[in-house]
Amino acid sequence: MNQEKSKARSEALRILLLEDSPADVELITHTLCGSGRNLIITSVDTRDGFETELRRQAHDLILSDYRLPALEMARKMARGVPFIFVTGTLGEEVAIDTLKQGATDYVLKTRLARLVPAVERALRETEQKRERDQAEESLRASHDQLRALATHLQSVREEERTRIAREVHDELGQALTGLKLDLSWLSGRLRGDSGLQGKIKTMSGQIDATILALRRIATELRPGVLDSLGLAAAIEWQGSDFQERTGIRCEVKIDAAETMPEKSLNTACFRIFQETLTNIIRHANATRVEVGLTQANHELILTVRDNGRGITEKEITHARSIGLIGMKERATQVGGEISFSGRPGRGTTVRLTVPAAPSAIPNQP
Ligand SMILES: Nc1ncnc2c1ncn2[C@@H]1O[C@H](COP(=O)(O)OP(=O)(O)OP(=O)(O)O)[C@@H](O)[C@H]1O
Ligand SMILES: [Mg+2]
């Protein structure tokens, strides 16, 4: 780092100086030479000359006699290059104004001793800002990459689940049904043997139970109703399944047209809904859940309200609330928003809003 810095110091510093008094040019140049830096100073004395020089090459620093248009021009044509006014007179108000307009500093010609420290400070600050911008940029880039990766992983996972669900349901289901048919054929052949008949009956019962388990597994992986009948039907189904399994009363009110958005939206809403129900089972200690799905003004709104202990603000914003972060990420992926709110002892409300028009979705998983 130090080596880099000293290397930077030994590199020539390109300074553009706008000054129409030759005596002042000489004085300023002389003062700057006291910095011990390797300098290439280009001096111009008109606005046109200034503009031409800005176009011709890049500079590390601009010094200018008091002329605001020069500052404006430099801000447009040499963004990020430090700009110091070196001027004969400058009232305090005007000075403050120049800084507001984007000048880095100002130095009075009567106090030229300040010039070199002002230049050093401006260069240092510019370098720091550049480093900061770079760090921010790379942070943003890695954040974008992470987000893309999360989206990708989620859609890969969803595809995988759909495929496994289909295979489990179709292939294994058919094989088991085939076995059942064979058993019933055997049963016909062995009519007189009550011992074997009993065995066949047990086997047949086991096959039925296995088919049921297999259907349940396939449905848990990805409910077929989501793809065949859409989101509203899937939410109703999931709500009643939840009630049956947990004993928590679950009321579902649907007020949405069934011409529902396409697959990625359905999947996102459904998975968020499932995650919300899982949280209710695990954390809420609720006895009742109200679910609403409404469609209004090209928006689809899903609300899930429980009457449990109520999520706290700390839990909502906690960095370890990975489940909630995942829900937010899913909502963002389909151009939507999700909010969580809780009242102590009065329950938790999760509200998801997504654009129902697919064209409004920014990037589809
Ligand atoms: N319906 C709810 N009622 C009360 N508290 C809740 C509710 N939902 C979430 N919380 C609180 O918010 C926290 C964060 O939820 P989140 O889903 O992010 O994490 P988790 O469920 O604990 O773990 P997981 O990563 O497995 O989902 C929970 O630990 C819980 O304390
Ligand atoms: Mg959770």
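How do the residues of the shell around ligand 1 divide into nonpolar, polar and charged? That's what I wanted to know when I opened this predicted model. I got an even split: five nonpolar, five polar and five charged.

**Entry 1: who sits around the ligand**

Next I looked up which residues come nearest to ligand 1. Out of 15 around the ligand, the names to jot down are N279, R282, H283, E315 and L324. Then I checked which helices they belong to. Two helices, α10 (263-284) and α12 (322-333), each give at least two residues to the shell. The largest share is from α10, with six residues.

**Entry 2: polar atoms at the ligand**

I went through the oxygen atoms of ligand 1. R282 puts a polar side-chain atom 2.9 Å from one oxygen atom. R309 also has a polar side-chain atom by a ligand oxygen, at 3.1 Å. With L324 it's the backbone instead: an N or O atom there lies 2.9 Å from an oxygen atom of the ligand. I also noted the cover: ligand 1 on its own has 600 Å² of accessible area, and the protein covers 79% of that.

**Entry 3: the domains**

Zooming out, I found the chain split into domain 1 (2-135), domain 2 (150-221) and domain 3 (224-355). I picked domains 2 and 3, whose C-alpha centres are 32 Å apart. Their contact takes nine residues from domain 2 and seven from domain 3. About 710 Å² is buried between them, and carbon and sulfur atoms give 39% of that. On the domain 2 side, Q154, E158 and T219 lose the most area to domain 3, together 59% of what that side buries.

Note on methods: Residues numbered from 1 in each chain as written. Chains lettered and ligands numbered in written order. Predicted model: local features only at pLDDT ≥ 70, side-chain atom pairs only at ≥ 80, totals over all residues. Heavy atoms only, no water. Near = heavy atom within 4 Å. Polar contact = N/O pair within 3.5 Å; in protein donor to acceptor, adjacent residues only side chain to side chain. Areas by Shrake-Rupley, 256 points an atom, 1.4 Å probe, with all protein chains shown as cover. Helix = DSSP H or I, 4+ residues; strand = E, 2+ residues; numbered from the N terminus. Nonpolar A, V, L, I, M, F, W, Y, C, P; charged D, E, K, R; others polar. Domains from an automatic or database assignment. Contact = heavy atoms within 4.5 Å. Buried area = accessible area lost by both parts, 1.4 Å probe.
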